[in-house]
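I opened this notebook to record what I looked up in one structure. The entries follow the order in which I looked.

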Amino acid sequence: MISTGTLMLCKALLTAGAIMGFLLRELWLLRRMKREDEARKAEASGAVDAHETCDDEATGATGS
(Lines give C-alpha, C1' and ligand atoms only; values in the text may rest on other atoms or scores of the structure.)
Protein backbone atom coordinates (compact mmCIF):
# COMPACT_ATOMS: atom_id res chain seq x y z
CA MET A 1 0.00 0.00 0.00
CA ILE A 2 1.16 3.55 -0.74
CA SER A 3 2.03 5.60 2.32
CA THR A 4 0.26 8.81 3.20
CA GLY A 5 3.45 10.84 2.66
CA THR A 6 3.81 9.52 -0.87
CA LEU A 7 0.20 10.39 -1.67
CA MET A 8 0.63 13.88 -0.25
CA LEU A 9 3.81 14.38 -2.28
CA CYS A 10 2.08 13.22 -5.46
CA LYS A 11 -0.84 15.54 -4.79
CA ALA A 12 1.53 18.47 -4.20
CA LEU A 13 3.45 17.76 -7.40
CA LEU A 14 0.24 17.41 -9.38
CA THR A 15 -1.06 20.70 -7.98
CA ALA A 16 2.24 22.47 -8.69
CA GLY A 17 2.22 21.11 -12.24
CA ALA A 18 -1.33 22.33 -12.80
CA ILE A 19 -0.48 25.79 -11.48
CA MET A 20 2.69 25.99 -13.61
CA GLY A 21 0.75 24.86 -16.68
CA PHE A 22 -1.87 27.53 -16.08
CA LEU A 23 0.76 30.24 -15.60
CA LEU A 24 2.66 29.20 -18.72
CA ARG A 25 -0.57 29.27 -20.72
CA GLU A 26 -1.40 32.74 -19.43
CA LEU A 27 2.11 33.96 -20.26
CA TRP A 28 1.80 32.54 -23.77
CA LEU A 29 -1.58 34.24 -24.25
CA LEU A 30 -0.26 37.58 -23.00
CA ARG A 31 2.73 37.42 -25.34
CA ARG A 32 0.46 36.52 -28.27
CA MET A 33 -1.88 39.41 -27.45
CA LYS A 34 1.09 41.78 -27.25
CA ARG A 35 2.38 40.63 -30.67
CA GLU A 36 -1.08 41.04 -32.20
CA ASP A 37 -1.43 44.50 -30.68
CA GLU A 38 1.97 45.57 -32.03
CA ALA A 39 1.08 44.20 -35.47
CA ARG A 40 -2.23 46.07 -35.39
CA LYS A 41 -0.46 49.32 -34.44
CA ALA A 42 2.14 48.84 -37.18
CA GLU A 43 -0.60 48.15 -39.70
CA ALA A 44 -2.53 51.23 -38.59
CA SER A 45 0.53 53.47 -38.81
CA GLY A 46 1.32 52.01 -42.24
CA ALA A 47 -2.21 52.82 -43.38
CA VAL A 48 -1.84 56.39 -42.08
CA ASP A 49 1.48 56.79 -43.91
CA ALA A 50 -0.04 55.46 -47.13
CA HIS A 51 -2.98 57.82 -46.74
CA GLU A 52 -0.67 60.81 -46.28
CA THR A 53 1.31 59.79 -49.37
CA CYS A 54 -1.87 59.57 -51.44
CA ASP A 55 -3.00 62.99 -50.20
CA ASP A 56 0.40 64.52 -50.99
CA GLU A 57 0.38 63.09 -54.49
CA ALA A 58 -3.16 64.32 -55.13
CA THR A 59 -2.40 67.90 -54.03
CA GLY A 60 1.14 68.05 -55.35
CA ALA A 61 2.43 68.85 -51.89
CA THR A 62 5.93 67.88 -50.89
CA GLY A 63 6.95 66.46 -47.55
CA SER A 64 8.69 69.03 -45.39
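The entries below go from the whole chain to single contacts.

**Entry 1. The model.** I note at the outset that this is a predicted model.

**Entry 2. Overall make-up.** I looked up the secondary structure and found one helix and zero strands in the protein chain. Helix 1 covers residues 4-59.

**Entry 3. Burial and surface.** I then asked what share of the residues counts as buried. For the 64 residues of the protein chain, the figure is 0%. I recorded an exposed area of about 5900 Å² for the chain, and carbon and sulfur atoms supply 66% of that area.

**Entry 4. A nonpolar patch.** Which residues make the nonpolar surface patch? I listed Ile19, Met20, Phe22 and Leu23, and the patch they form measures about 410 Å². I followed one of them, phenylalanine 22, which lies in helix 1. Phenylalanine 22 counts as partly exposed because its relative accessibility is 48%, a value between the limits of 20% and 50%.

**Entry 5. Salt bridges, total.** I searched the whole structure for salt bridges and noted four. The next three entries take up pairs among them.

**Entry 6. Arginine 25 and glutamate 26.** I found a salt bridge between glutamate 26 and arginine 25, with 3.3 Å between the closest N and O atoms. Glutamate 26 has a relative accessible area of 28% and is therefore partly exposed. Arginine 25 is also partly exposed, at 48%.

**Entry 7. Arginine 32 and glutamate 36.** I recorded a salt bridge between these two side chains, at 3.8 Å from N to O. How far apart do arginine 32 and glutamate 36 lie in helix 1? They are four residues apart, which is about one turn of the helix. Arginine 32 has a relative accessibility of 33%, so I entered it as partly exposed. Glutamate 36, with a relative accessible area of 40%, is partly exposed as well.

**Entry 8. Aspartate 37 and arginine 40.** I noted that aspartate 37 forms a salt bridge with arginine 40, the closest N and O atoms lying 3.4 Å apart. Is arginine 40 exposed or partly exposed? Its relative accessible area is 53%, so arginine 40 is exposed, the cut-off being over 50%. Aspartate 37, by contrast, is partly exposed, with a relative accessible area of 30%. The two residues are separated by about one helical turn because they stand three residues apart in helix 1. I also noted that salt bridges with shared partners join Asp37, Arg40 and Lys41 into one network.

Notes:
Residues are numbered from 1 along each chain as its sequence is written. This is a predicted model: local features need pLDDT of at least 70, side-chain atom pairs count only at pLDDT 80 or more; totals for chains, interfaces and linings use all residues. Side-chain values use heavy atoms; hydrogens and water are left out. Patches are made of residues with over 30% relative accessible area and no salt bridge: like charges are joined within 9 Å, nonpolar side chains (Val, Leu, Ile, Met, Phe, Trp, Tyr) within 5 Å. Accessible areas come from the Shrake-Rupley method with a 1.4 Å probe; for residues, only the protein chains shown count as cover. Buried means under 20% relative accessible area, exposed over 50%, partly exposed in between (1.4 Å probe, protein chains only).
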